[in-house]
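Here is a quick tour of a small report's worth of details, for someone meeting this model for the first time. Have a look at the picture, then read on.

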Amino acid sequence: MSSVKVPVLDAPRSSILPAWPERTRSRAVAAFVRASTEIAAAGPVIETMSAP
């Protein structure tokens with residue numbers, strides 16, 4: 001399966017503000033925050049998945 005990313009140059013900016021319990025040690029939460037931060041830093045995109 002492949003994916004395609006297309007820049008959305010005229011889209012309005014949006015904000016992502018993940019929040020989680022202060023004492024959590026969840027690897028899933030850490031992975032989500034890491035992925036969210038990387039995606040947000042990459043800029044506005046639309047990602048579509050092609051059919052298998």
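Let's begin with the length of helix α1. With 16 residues at 1.5 Å a residue, α1 should span 22 Å, and its end C-alpha atoms sit 23 Å apart, so the two values agree. Keep in mind that this is a predicted model, so the distances here are computed from predicted coordinates.

Where does α1 fit in the chain? The protein has one helix and two strands, and from the N terminus on they run β-α-β. Strand β1 covers 3–7, helix α1 takes in residues 27–42, and strand β2 is made of residues 45–49.

How confident is the predictor? The mean pLDDT of the protein is 77, with 75% of its residues at 70 or more. Among the elements, α1 has the highest mean pLDDT, 86, while β2 has the lowest, 59. Where pLDDT is low, the predicted coordinates should not be read in detail.

Now for the two ends of the helix. Ser 26 belongs to the loop between β1 and α1. At the start of α1, a side-chain oxygen of Ser 26 comes to within 3.2 Å of the backbone nitrogen of Ala 28. A polar atom of the Ser 26 side chain also lies 3.1 Å from the backbone nitrogen of Val 29. At the other end, α1 is followed by Gly 43, which has a positive phi, near 100°.

Inside the helix, Ser 36 is a good residue to look at. Its side chain reaches the backbone oxygen of Phe 32 at 2.8 Å, and Phe 32 is in α1 too. An α-helix has 3.6 residues a turn, so residues three or four places apart point the same way.

Which of these residues are buried, and which are exposed? Ser 36 counts as buried because its relative accessibility, 13%, is under the 20% cut-off. Phe 32 counts as exposed because its 52% is over the 50% cut-off. Here are the values side by side, with Ser 14 from the loop between β1 and α1 added.

| Residue | Relative accessibility | Class |
|---|---|---|
| Ser 36 | 13% | buried |
| Ser 26 | 29% | partly exposed |
| Phe 32 | 52% | exposed |
| Ser 14 | 64% | exposed |

For the protein as a whole, 6% of the 52 residues count as buried. The accessible surface comes to about 5000 Å², and 60% of that belongs to carbon and sulfur atoms.

Finally, two pairs link separate parts of the chain. Phe 32 and Pro 18 are 14 residues apart in sequence, and their C-alpha atoms are 8.9 Å apart in space. Ser 14 and Ala 40 are 26 residues apart along the chain, with 9.4 Å between their C-alpha atoms.

Definitions and conventions. Residues are numbered from 1 along each chain as its sequence is written. This is a predicted model: local features need pLDDT of at least 70, side-chain atom pairs count only at pLDDT 80 or more; totals for chains, interfaces and linings use all residues. Side-chain values use heavy atoms; hydrogens and water are left out. Helices (H or I, at least four residues) and strands (E, at least two) are DSSP runs, numbered from the N terminus. Buried means under 20% relative accessible area, exposed over 50%, partly exposed in between (1.4 Å probe, protein chains only). Accessible areas come from the Shrake-Rupley method with a 1.4 Å probe; for residues, only the protein chains shown count as cover. A polar contact is a pair of N or O atoms within 3.5 Å; within protein, one must be able to donate a hydrogen and the other to accept it, and residues adjacent in sequence count only if both atoms are side-chain atoms. The expected span of a helix is 1.5 Å times one less than its number of residues. pLDDT is the predictor's confidence in each residue, from 0 to 100.
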